[in-house]
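Please look over the sequence and the structure shown below before reading on. The paragraphs that follow lead through selected parts of the chain, one after another.

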Amino acid sequence: MKLQRKNRVRALAVGALAVSGALALTACGSDDTSGGGSAGAAKTSNIKCDGQGKLLASGSSAQKNAMDVWVQAYAGACKGTEINYQPTGSGAGVTTFLQGQTAFAGSDSALKPEEVAKSKKVCKGGQAIDMPMVGGPIAVGYNVPGVDNLVLDAPTLAKIFDAKITKWNDPAIKKLNPGAKLPDLKVQAFHRSDDSGTTDNFTKYLKGAAPGDWKHEPAKKWEGTGGQAASGSAGVSSQVKQTSGAISYFELSYATAGKIPTAKLNTGAKEPVDATVDNASKAISEAQQVGKGDDLALKLNYTSKAEGAYPITLVTYEIACDKGNKAETLPATKSFLTYAASKDGQAALKALGYAPLPTEIADKVRATVAKLS
């Protein structure tokens, strides 16, 4: 297992270095290029190592690229602990955690009340809480031959992903792109097949910004009409890269690593907005804390029209028990999450296509992790 892991890390580093030479925002986003490039630059001197053995966690594939870097840096500093994070998707990650099989879960959506109630069976004397750890834009990647500058808006996206717009030269797309040579090509819309917090956030945007065109309720499970499905962010981004006429939604790091063009959004601001870390940060800065006590769940503003604010964003939470964590995994859980929320851990994110947490939120996360028991 250790030999396989070393080989994987070596391969990842080579792929990431190739990407970083050509891109302003390096990313370690695809399965072939995850993690290595920025991990070498990640500071590890301030990591406090606690606990021994293997720490199991799973969930959000949106944060996979951040996890790859954190895990590699942590493993380099803490030789006695192995962090095994599986990007199974937010829904699967929460389910596995609630079954008591993992030390923590990653989810791009905060826990629902019924999930918090269920967590009390696992968290003896406590309950599960949401701790924001990763922020960033959900990019709309596309593969349309001859089109390298595409503008879309919420109503048009809603129609595309609900099979109401089926050709790339549709009048609605032409209106938004008067100078583009849009082909008479079938739209191949891909969505996630797994329960996904990325899907939840993307459909929250569609519902919030285009309620007249997106009639479905936001959810981790895809509710739109038509389209094709693939598993995980790696799956849908791979389909876009290899399918002419394809379009899908996934974290910016997957688009950057795969060299997949992304659409600009017409939000009502003076200029269409690019999917960038800085533009996502402007939108995330408008988030409000809605969790109570040590629960740090945030409410995002999906309808921002501020100049330069990219509204299709997500925040990935790490979910753990506030009290009642397993004694054998608690020290390593606190140690690893403290590093992830630290200045050094967060500093590695921007180069991956993520938005580091605002200082005040990161401070709260570190304080909350310190209290886990």
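Cys49 has a relative accessibility of 37%, and because buried means under 20% and exposed means over 50%, Cys49 counts as partly exposed. This value, like every other one here, is computed from a predicted model. Cys78, in contrast, has a relative accessibility of 3% and therefore counts as buried. These two residues are joined by a disulfide, with a distance of 2.0 Å from S to S. A disulfide is a covalent bond between the sulfur atoms of two cysteines. The bond between Cys49 and Cys78 links distant parts of the chain, since the two residues are 29 residues apart. Cys49 is found in the loop between α2 (36-39) and β1 (53-59), while Cys78 is found in the loop between α3 (64-77) and β2 (81-86). The torsion about the S-S bond of Cys49 and Cys78 is about -80°, and the disulfide is therefore left-handed.

How many disulfides does the chain have? The count is 2 disulfides. Besides the pair already described, Cys123 and Cys321 form a disulfide, with their sulfur atoms 2.0 Å apart. Cys123 belongs to the loop between α5 (113-119) and β4 (128-143), and Cys321 to strand β12 (residues 313-321), so this disulfide ties together parts that are 198 residues apart in sequence. Here the torsion about the S-S bond is about -70°, so the disulfide of Cys123 and Cys321 is left-handed. Both Cys123 and Cys321 are buried. When bonded cysteines are counted along the chain, the disulfides follow the pattern 1-2, 3-4.

Strand β12 leads to another strand, β3 (residues 104-107), because 3 bridges join β3 to β12. The strands β3 and β12 run antiparallel, and Gly106 stands opposite Glu318 in β12. Strand β3 is also joined to β1 by 3 bridges, and β1 and β3 run parallel. Within this pairing, Ser58 has Ala105 in β3 as its bridge partner. In a regular strand the side chains alternate between the two faces of the sheet. In β3, Phe104 and Gly106 point one way, whereas Ala105 and Ser107 point the other way. Are these residues of β3 buried or exposed? All of them are buried.

Helix α6 (residues 154-161) is another part of the chain with many buried residues: 6 of its 8 residues are buried, so the helix is largely enclosed by the rest of the structure. The buried residues of α6 are Ala154, Thr156, Leu157, Ala158, Ile160 and Phe161. After α6 comes Ala163, which has a positive phi, near 60°.

A single residue, Asn279, may now be considered in more detail. Asn279 lies in helix α11 (residues 277-284). The relative accessible area of Asn279 is 13%, and this residue is therefore buried. A polar atom of the Asn279 side chain lies 3.0 Å from the backbone oxygen of Asp274. Which residues does Asn279 contact when its neighbours within four places in sequence are left aside? They are Val273, Asp274, Gly308, Ala309 and Tyr310.

The account closes with the chain as a whole. The chain contains 14 helices and 12 strands, and 55% of its 373 residues are buried. Of the contacts between residues at least 6 apart in sequence, 75% join residues at least 24 apart. The chain exposes about 15,400 Å², of which carbon and sulfur atoms supply 52%.

Notes
Residues are numbered from 1 along each chain as its sequence is written. This is a predicted model: local features need pLDDT of at least 70, side-chain atom pairs count only at pLDDT 80 or more; totals for chains, interfaces and linings use all residues. Side-chain values use heavy atoms; hydrogens and water are left out. A disulfide is a pair of cysteine sulfur atoms within 2.5 Å. Helices (H or I, at least four residues) and strands (E, at least two) are DSSP runs, numbered from the N terminus. Buried means under 20% relative accessible area, exposed over 50%, partly exposed in between (1.4 Å probe, protein chains only). Two strands pair if DSSP finds at least two bridges between them. A polar contact is a pair of N or O atoms within 3.5 Å; within protein, one must be able to donate a hydrogen and the other to accept it, and residues adjacent in sequence count only if both atoms are side-chain atoms. Contact means heavy atoms within 4.5 Å. Accessible areas come from the Shrake-Rupley method with a 1.4 Å probe; for residues, only the protein chains shown count as cover.
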